[in-house]
Amino acid sequence: MLTLTENATLVIKSITGVEGAPDGAGVRISQENPTDPSLAVTTTEAPLPGDQVVEESGARVFLEQNAAGALDDKILDAAVDDKGGVEFLLVPQPGAGRENGTAPAH
């Protein structure tokens with residue numbers, strides 16, 4: 001399952017915890033086409049039916065079904081640049097893809 005770094009948790013809480021946002025708001029990650037690695041990240045008030053919910057220290061991430069499969073063994077990190085822009089980064093979890101002594105294909 002996708003895990004969040006402390007930075008990602010703080011960034012998500014800051015962008016979803018703005019005044020007037022409903023309790024339970026989060027960031028939704030979706031992948032329109034399972035063969036295309038492109039992911040879309042949006043803020044939303046609640047998960048859609050079928051979304052997987054990842055919650056860590058009050059930060060909520062909703063994963064659309066295709067994205068949930070693609071991100072199952074990843075860690076979500078985030079940073080804010082000097083202009084206030086948010087950048088999300090995905091990295092493999094330690095040991096991910098090494099079941100049965102095989103490494104992931106690249």
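## Thr9 and its surroundings

Leaving aside the neighbours within four places in sequence, Thr9 is in contact with Leu4, Glu56, Ser57 and Ala59. The model in which these contacts appear is a predicted one, and within it Thr9 has its place in helix α1. Is Thr9 buried or exposed? Its relative accessible area is 6%, and because buried means under 20%, Thr9 counts as buried.

One of the partners of Thr9, Ser57, sits in the loop between β4 (52-56) and β5. Ser57 is exposed, with a relative accessible area of 57%, whereas Thr9 is buried. The backbone of Ser57 also deserves a careful look, since most residues other than glycine have a negative phi. The phi of Ser57, by contrast, is positive, with a value near 50°.

## The chain as a whole

The chain contains two helices and seven strands, and when these are read along the sequence they follow the pattern β-α-β-β-β-β-α-β-β. Of its 106 residues, 29% count as buried, while the accessible surface of the chain comes to about 6,700 Å², with 50% of that surface belonging to carbon and sulfur atoms.

What share of the contacts with a separation of 6 or more comes from residues 24 or more positions apart? Such residues account for 50% of those contacts.

## A sheet of three strands

Strands of a sheet pair through backbone hydrogen bonds, either parallel or antiparallel. In this chain, an open sheet of three strands has the order β1-β6-β7, and its pairing is mixed. The edge strands are β1 (3-4) and β7, each of which pairs on one side only. Strand β1 runs parallel to strand β6 (residues 74-80), and two bridges join them; Thr3, for its part, stands opposite Ile75 in β6. Helix α1 (residues 6-16) packs on this sheet and touches β1, β6 and β7, with its direction making about 60° with that of β6.

On the edge strand β7 (residues 86-92), Pro92 offers a useful place to follow the fold in detail. Not counting residues up to four places away in sequence, Pro92 touches Asp73, Lys74 and Ile75. Although Pro92 and Lys74 are 18 residues apart along the chain, their C-alpha atoms are separated by 4.5 Å. Pro92 is nevertheless exposed, with a relative accessible area of 58%.

## The nonpolar core

Which residues of the largest nonpolar core touch the most other members? The core has 16 residues, and those with the most such contacts are Leu2, Leu4, Ile12, Ile29, Val61, Leu63 and Leu76. Helix α1, β2 (26-30), β5 (59-63), α2 (65-70) and β6 each supply at least two residues of this core, so that both helices and strands contribute to it.

Ile29 can serve as an example of how a core residue is surrounded. Setting aside its neighbours within four places in sequence, Ile29 is in contact with Leu39, Ala40 and Val41, with Val61, Phe62, Leu63 and Glu64, and also with Ala67, Leu71 and Leu76. Among these partners are Val61, Leu63 and Leu76, which, like Ile29, are listed with the core residues that touch the most other members.

## Charged pairs

Side chains of opposite charge can pair when their charged atoms come close. How many salt bridges does the model contain? The count comes to three. In one of them, the side chains of Asp51 and Arg28 meet with an N to O distance of 2.7 Å. This pair links distant parts of the chain, with Asp51 in the loop between β3 (40-44) and β4 and Arg28 in strand β2, 23 residues apart. Both Asp51 and Arg28 are buried.

Another salt bridge joins Arg60 to Glu55, the closest N and O atoms being 3.4 Å apart. Arg60 counts as buried because its relative accessibility is 18%. A further salt bridge is formed by Asp73 and Lys74, whose closest N and O atoms are 2.9 Å apart. Asp73 is partly exposed, with a relative accessible area of 28%, and Lys74 is likewise partly exposed, at 24%. Both residues have already appeared in this report, since Asp73 and Lys74 are among the residues that Pro92 touches.

Technical notes:
Residues are numbered from 1 along each chain as its sequence is written. This is a predicted model: local features need pLDDT of at least 70, side-chain atom pairs count only at pLDDT 80 or more; totals for chains, interfaces and linings use all residues. Side-chain values use heavy atoms; hydrogens and water are left out. Helices (H or I, at least four residues) and strands (E, at least two) are DSSP runs, numbered from the N terminus. Buried means under 20% relative accessible area, exposed over 50%, partly exposed in between (1.4 Å probe, protein chains only). Contact means heavy atoms within 4.5 Å. Two strands pair if DSSP finds at least two bridges between them. Axes are lines fitted to C-alpha atoms, for helices over the stretch in contact, and angles run from 0 to 180 degrees between N-to-C directions. Accessible areas come from the Shrake-Rupley method with a 1.4 Å probe; for residues, only the protein chains shown count as cover. A nonpolar core is a set of buried Ala, Val, Leu, Ile, Met, Phe, Trp, Tyr and Cys residues joined through side-chain atoms within 4.5 Å. A salt bridge is a side-chain nitrogen of Lys or Arg within 4 Å of a carboxyl oxygen of Asp or Glu.
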